[in-house]
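Trainee: I would like to learn how to read the features of a model like this one. Where should we begin?

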Amino acid sequence: MLENYLIVHKSILPDYYETVLKAKHLLEEGTAKNVMQATKMVGISRSTFYKYKDYILEPIRFSDGRKAVISMLLSHETGILSTVLSKISENGASVLTITQSLPVRGKASVTITLDISAMPTPMTTLIKEIEESSGVENTKLIAVD
């Protein structure tokens with residue numbers, strides 16, 4: 001997953017990238033109640049926020065994390081969630097929470113919060129192993145804290 005990212009000094013990027021981060025912080029802290037309020041507070045459009053929010057990460061938050069949130073789409077078949085949980089355990093992470101939607105058209109959205117403080121393997125390894133599991137689609141690392 002990290003092979004798709006670059007480390008770039010923010011001074012050469014357009015200002016709105018950093019503004020998107022500010023809006024994300026306002027939402028995380030609860031200062032802003034919703035995206036509309038956060039974008040208004042920082043002075044960007046909602047479309048700019050939605051366009052970049054999943055692609056702008058802070059290296060500080062990405063490297064020293066103790067918790068991680070991953071999201072995926074799972075086929076509604078016996079044993080697929082169990083396989084994902086096994087991959088998590090095999091990589092040394094612990095599950096803190098699991099949120100799963102009802103299956104729609106044979107797919108269920110699953111969000112898992114992990115304790116990764118004792119994980120010896122890189123997060124990219126875990127994400128890749130989950131992505132390669134049968135019945136798992138659209139695996140994303142949402143946050144590291």
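Mentor: Begin with surface. Accessible areas come from the Shrake-Rupley method with a 1.4 Å probe. In this predicted model, the protein exposes about 9,400 Å², and carbon and sulfur atoms supply 52% of that area.

Trainee: How many of the residues are buried?

Mentor: Buried means under 20% relative accessible area. Of the 145 residues in the protein, 30% are buried. The C-alpha atoms fill a box of roughly 45 × 35 × 25 Å along the principal axes.

Trainee: Which elements make up the secondary structure, from the N terminus on?

Mentor: There are six helices and four strands. Their order from the N terminus is α-α-α-α-β-α-β-β-α-β.

Trainee: In what order do the strands lie in the sheet?

Mentor: Order in the sheet is read from the pairing. Here the four strands form an open sheet, β2-β3-β1-β4, with antiparallel pairing. Strands β2 and β4 (136-144) are the edges; each has a single partner strand, so one side of each is left without a neighbour in the sheet. From one strand to the next, the twist averages 20 degrees.

Trainee: How many bridges join each pair of strands?

Mentor: Nine bridges join β1 to β3. Six join β2 (residues 94-100) to β3 (residues 107-115), and six join β1 (residues 67-75) to β4.

Trainee: Which residues could I use to follow the pairing across the sheet?

Mentor: Take S71. Its bridge partner in β4 is K140, and its bridge partner in β3 is T111. T111 in turn stands opposite T99. As a general idea for reading such a row, side chains in a regular strand alternate between the two faces of the sheet.

Trainee: What should I look at in the hairpin of β2 and β3?

Mentor: Look at the backbone between the strands. That hairpin has six residues there, and R105 takes a positive phi near 55 degrees.

Trainee: Which helices pack on the sheet, and at what angles?

Mentor: Angles run from 0 to 180 degrees between N-to-C directions. Helix α5 (residues 80-90) lies across β1, β2, β3 and β4, running at about 20 degrees to β3. Helix α6 (residues 123-131) also packs on the sheet and touches β1, β3 and β4. The direction of α6 makes about 160 degrees with that of β4.

Trainee: How do I read contacts between parts of the chain that are apart in sequence?

Mentor: Contact means heavy atoms within 4.5 Å. Among contacts between residues at least 6 apart in sequence, 67% join residues at least 24 apart. For a single case, take T48 in helix α3 (residues 46-52). Leaving aside neighbours within four places in sequence, T48 is in contact with Y16 and V20. T48 and Y17 are 31 residues apart along the chain, and their C-alpha atoms are separated by 9.0 Å.

Trainee: Which residues make the nonpolar surface patch?

Mentor: L6, V8, I12 and L13 make a nonpolar surface patch of about 410 Å². V8 is found in the segment before α1 (15-29).

Trainee: Why can V8 count towards a surface patch?

Mentor: Patches are made of residues with over 30% relative accessible area. V8 has a relative accessible area of 36%, so V8 passes that cut-off while being partly exposed.

Methods. Residues are numbered from 1 along each chain as its sequence is written. This is a predicted model: local features need pLDDT of at least 70, side-chain atom pairs count only at pLDDT 80 or more; totals for chains, interfaces and linings use all residues. Side-chain values use heavy atoms; hydrogens and water are left out. Two strands pair if DSSP finds at least two bridges between them. Helices (H or I, at least four residues) and strands (E, at least two) are DSSP runs, numbered from the N terminus. Patches are made of residues with over 30% relative accessible area and no salt bridge: like charges are joined within 9 Å, nonpolar side chains (Val, Leu, Ile, Met, Phe, Trp, Tyr) within 5 Å. A salt bridge is a side-chain nitrogen of Lys or Arg within 4 Å of a carboxyl oxygen of Asp or Glu. Buried means under 20% relative accessible area, exposed over 50%, partly exposed in between (1.4 Å probe, protein chains only).
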